[in-house]
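Biologist: I am new to this kind of file, and I would like to learn how to read it feature by feature. Could we begin with the whole chain and then move to single residues?

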Amino acid sequence: MYKRQVLTLHAGLAPLLAHGVVPRGGRLFLATDSQSIVDEAAAMATSLPFEICYLDISRKKYDTEAWIELASAKERTQLSILEETMLDLLLLSRARYIAGSMYGNMPRLALQLRPTTPGDAQRLAYVTTDGRDWCSMPVCRFNNTPTGRFW
């Protein structure tokens, strides 16, 4: 059984705020499968020094103990899940920084799909929320940083 690595928006924002990734007045795109995290974002929206954006979709179908692939087949929601996933992935891949659990596929795939030119220093600009470093290059010795988590 898969457990989410980030259970609250507050926990997910902590690494971003620590690294100063989201500037005052900036915009943060939230891609999550947790309805409770989106609800938390909506409740916190006016108290944050930046704007949080997210797709207006129902994420309740993702709150299941079963694998989402099995649950969606039973409920016949595969198409909506595919569409929502592709939209989140597209928007994530266009972000200046990607913050997320590198244990999960979405942040890693978004890093791979980023439209960049060779040698772009921002190509691997991410903040990991689970402490797992990840790199899309065959050899990552060029990405040494003091923390090893912010490239």
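Biologist: How much accessible surface does the protein chain have, and what percentage of it belongs to carbon and sulfur atoms?

Modeller: Please keep in mind that this is a predicted model. The accessible surface of the protein chain is about 9,600 Å², and carbon and sulfur atoms hold 56% of it. As for the residues themselves, 35% of the 151 in the chain count as buried.

Biologist: Which helices and strands make up the chain, and in what order do the elements run?

Modeller: The protein chain has five helices and four strands, and, read from the N terminus, their order is α-β-α-β-α-α-β-α-β. To see how such a chain is folded back on itself, one can look at contacts by their separation in sequence: among those with a separation of 6 or more, 52% are between residues 24 or more positions apart.

Biologist: How should I read a nonpolar core, and which residues have the most contacts inside the largest one?

Modeller: The general idea is that in soluble globular proteins nonpolar side chains tend to be buried together. Here the largest nonpolar core has 15 residues, and those with the most contacts inside it are Leu9, Leu13, Leu16, Leu28, Leu30, Phe50 and Ile52. Helix H1, residues 9-19, and helix H2 each supply at least two residues of this core, and the largest share, four residues, comes from H2. Another core, of seven residues, lies apart from it, with Leu89, Leu92, Leu111 and Tyr126 among its members.

Biologist: Which residues of H2 are buried, and what covers them?

Modeller: The buried residues of H2 are Gln35, Ile37, Val38, Ala41 and Met44, and their cover includes H1 and strand E2, which spans residues 51-53. Met44 gives a concrete view of this, since, leaving out residues up to four places away in sequence, Met44 touches Leu9 and Leu13. The C-alpha atoms of Met44 and Leu9 are 9.3 Å apart, although 35 residues separate the two in sequence. Leu16, for its part, is in contact with Val21, Val22, Leu28, Ala99 and Val127, again without neighbours within four places in sequence.

Biologist: Is His10 in helix H1 buried or exposed?

Modeller: His10 lies in helix H1, and His10 counts as exposed because its relative accessibility is 58%, where the cut-off for exposed is over 50%. His10 and Glu40 are 30 residues apart in sequence, with 8.5 Å between their C-alpha atoms.

Biologist: What does Leu89 touch, and why does Leu89 count as buried?

Modeller: Leu89, in helix H4 (residues 78-93), is buried because its relative accessible area is 5%, and buried means under 20%. Beyond residues up to four places away in sequence, Leu89 touches Met106, Leu109, Ala110 and Leu113. With Leu113, 24 residues away along the chain, the C-alpha separation is 8.7 Å.

Biologist: Where is a nonpolar surface patch, and which residues make it?

Modeller: Leu79, Leu82 and Met86 make a nonpolar surface patch of about 310 Å². Met86 belongs to helix H4 and counts as partly exposed, at 44% relative accessibility.

Biologist: How many salt bridges are counted, and which residues form a salt bridge?

Modeller: Side chains of opposite charge can pair when their charged atoms come close. The count in this model comes to one salt bridge, formed by Arg27 and Glu51, whose closest N and O atoms are 3.2 Å apart. The pair links distant parts of the chain, with Arg27 in strand E1 and Glu51 in strand E2, 24 residues apart. Arg27 is exposed, with a relative accessible area of 63%, while Glu51 is partly exposed, at 40%.

Biologist: Where is Thr32 placed, and between which elements?

Modeller: Thr32 sits in the loop between strand E1 (27-29) and helix H2 (35-44), and counts as buried at 15% relative accessibility. A polar atom of the Thr32 side chain lies 3.0 Å from the backbone nitrogen of Ser34. Not counting residues up to four places away in sequence, Thr32 touches Ile37, Val38, Arg59 and Asp88.

How values were computed: Residues numbered from 1 in each chain as written. Predicted model: local features only at pLDDT ≥ 70, side-chain atom pairs only at ≥ 80, totals over all residues. Heavy atoms only, no water. Buried < 20%, exposed > 50% of the residue type's maximum accessible area, 1.4 Å probe, protein only. Polar contact = N/O pair within 3.5 Å; in protein donor to acceptor, adjacent residues only side chain to side chain. Contact = heavy atoms within 4.5 Å. Areas by Shrake-Rupley, 256 points an atom, 1.4 Å probe, with all protein chains shown as cover. Patch = residues over 30% accessible without salt bridge, like charges linked within 9 Å, V, L, I, M, F, W, Y side chains within 5 Å. Salt bridge = Lys/Arg side-chain N within 4 Å of Asp/Glu carboxyl O. Core = buried A, V, L, I, M, F, W, Y, C linked by side-chain atoms within 4.5 Å.
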